[in-house]
Amino acid sequence: MKRSNPRQHDMPTDADKSKPVHPAWLRCTHWLNAIAVLLLIGSGWRIYNATGFLGFKIPRDITLGGWLGGALQWHFAAMWLLIANGLLYLLVNLMSGRLRRQFFPISPRQLLRDLMAALRGKLSHADPRHYNSVQRLAYVFVMLDSALLVLSGLVLWKSVQFPLLRELLGGYEGARYVHFIAMTGLCVFIAVHVVMVALVPRTLLAMLRGR
Ligand code: HEM
């Protein structure tokens, strides 16, 4: 079976080499998603500053929107981009079977091995078509985290219209904390993701050009 040995993902086959590393739809949705997320985080920080409900403020210079009304407009515009683009990404991944192929299985043993190798700077990434267990976990995490961000955001936006969701997230106040914690998780992912990309720059070329 093709996937029985996760180590074999490190060596591209001849058939693999003739295909683009990342198809065009994936590159488009990835970069649109990155833009939407950066706009959402910047404007979200400005919206947070209007209340500062956790007892601190985010430096104004790294927020987006200028004032609360402007930040809300950025936030809602980027929200639609994230939802539409995210659904498209998930739909194509699900319908083509790519989600299962590319991100699963995530075996705890392989994950531990890859994590140790990554910490020692020895994680092989010879074939960018296949993700190692650390990447798989990080990408599945960010998909679930983004879904949680959207769901908690819906409660904050239309609290009365989503009563079940609101109760599941601990009421309006609970949803506020969930939204903030999910945003923090997303920021941690982005920081680690960008460092990993900087360590293996040819993955960036593949995500830009496909090859
Ligand atoms: C803004 C700077 C970003 C850069 C430079 C960047 C770069 C990359 C690169 C190079 C890859 C391919 C990794 C590889 O082949 O090993 C990748 C994949 C991925 N990135 Fe990013 N990324 C950025 C932002 C984001 C953001 C904000 C998110 C999500 C919120 C994200 C989510 C993902 C996911 C889920 C994948 C896997 C895509 C798939 O194969 O379906 N990225 N990114």
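Reader: I'd like to start at the metal. What is the geometry of the site of the iron atom of the ligand?

Author: Let's begin with the general idea. Ideal angles at a metal are 90 or 180 degrees for six octahedral donors, and 109.5 degrees for four tetrahedral ones. Here, the iron atom of the ligand has 6 donor atoms with angles of 83 to 179° among them, and its site is octahedral. Keep in mind that this is a predicted model.

Reader: Which protein donors does the iron atom of the ligand have?

Author: They are two histidine atoms: NE2 of His 30 and NE2 of His 193, lying 2.0 Å from the iron. The pair ties together distant parts of the chain, as His 30 sits in helix 2 and His 193 in helix 8, 163 residues apart.

Reader: Does His 30 count as buried, partly exposed or exposed, and why?

Author: You compare its relative accessible area with two cut-offs: under 20% is buried, over 50% is exposed, and in between is partly exposed. His 30 has 23% relative accessibility, so it counts as partly exposed.

Reader: Let me step back to the whole chain. How many helices and strands does the protein chain have?

Author: The count is 9 helices and 0 strands. Read from the N terminus on, the order of elements is α-α-α-α-α-α-α-α-α. As for dimensions, the C-alpha trace spans about 55 × 35 × 35 Å along its principal axes. Buried residues make up 38% of the 211 residues in the chain.

Reader: Now for empty space. What volume does the second largest pocket have?

Author: Rolling a probe the size of a water molecule over the atoms shows where empty space is left. In this model, the second largest pocket comes out at about 790 Å³. It is lined by 30 residues, and Gly 44, Ile 47, His 75, Leu 156 and His 179 are the closest to its centre.

Reader: Which helix gives the most to the lining of the second largest pocket?

Author: That's helix 2, with 9 residues. Helix 2 (24-51), helix 3 (68-95), helix 6 (133-157) and helix 8 (171-199) each supply at least two residues of the lining. By class, the lining has 23 nonpolar, 6 polar and 1 charged residues.

Reader: And which residues touch the most other members of the largest nonpolar core?

Author: To read a core, look for buried nonpolar residues joined through side-chain atoms within 4.5 Å. The largest one here has 24 residues, and Phe 103 and Leu 186 touch the most other members. Two or more residues come from each of helix 2, helix 3, helix 4 (98-103), helix 6 and helix 8. Helix 2 has the largest share of this core, 7 residues.

Reader: Where is the cis peptide bond?

Author: Most peptide bonds are trans. In this chain, a cis one joins Phe 104 and Pro 105, with omega about 0°. Pro 105 is in the loop between helix 4 and helix 5 (108-119), and Phe 104 lies in that loop between helix 4 and helix 5 too. Phe 104 is partly exposed because its relative accessible area is 36%. Its C-alpha atom is 16 Å from that of Leu 115, 11 residues apart along the chain.

Reader: How do I set distance along the chain beside distance in space? How far apart are Leu 149 and Ile 181, for instance?

Author: Take the sequence gap and the C-alpha to C-alpha distance together. Leu 149 and Ile 181 are 32 residues apart in sequence and 9.0 Å apart in space. Leu 149 is found in helix 6, and with a relative accessible area of 13% it is buried. Next, try Leu 64, in the loop between helix 2 and helix 3. Leu 64 and Leu 87 are 23 residues apart in sequence and 25 Å apart in space.

Reader: Is Glu 167 buried or exposed?

Author: Use the 50% cut-off: over it, a residue is exposed. Glu 167 has 51% relative accessibility, so it counts as exposed. You'll find Glu 167 in helix 7 (residues 163-168). The C-alpha atoms of Glu 167 and Leu 144 are separated by 19 Å, with their positions 23 residues apart along the chain.

How values were computed:
Residues are numbered from 1 along each chain as its sequence is written. This is a predicted model: local features need pLDDT of at least 70, side-chain atom pairs count only at pLDDT 80 or more; totals for chains, interfaces and linings use all residues. Side-chain values use heavy atoms; hydrogens and water are left out. On a 1 Å grid over the protein atoms alone, a cavity is a set of points where a 1.4 Å probe fits but cannot get out, and a pocket is an open set with protein on both sides within 12 Å along at least five of seven lines; lining residues have an atom within 4 Å of a point. Grid points are joined across faces, edges and corners, and a volume is the space filled by probe spheres set on the points. Helices (H or I, at least four residues) and strands (E, at least two) are DSSP runs, numbered from the N terminus. Ala, Val, Leu, Ile, Met, Phe, Trp, Tyr, Cys and Pro count as nonpolar, Asp, Glu, Lys and Arg as charged, and the others, Gly among them, as polar. Donors are N, O and S atoms within 2.8 Å of the metal (3.2 Å for Na, K and Ca); water is not among the atoms, so sites may look incomplete. Four donors count as tetrahedral if all angles lie between 85 and 135 degrees; four count as square planar and six as octahedral if opposite donors are over 155 degrees apart and all others between 65 and 115; anything else is irregular. Buried means under 20% relative accessible area, exposed over 50%, partly exposed in between (1.4 Å probe, protein chains only).
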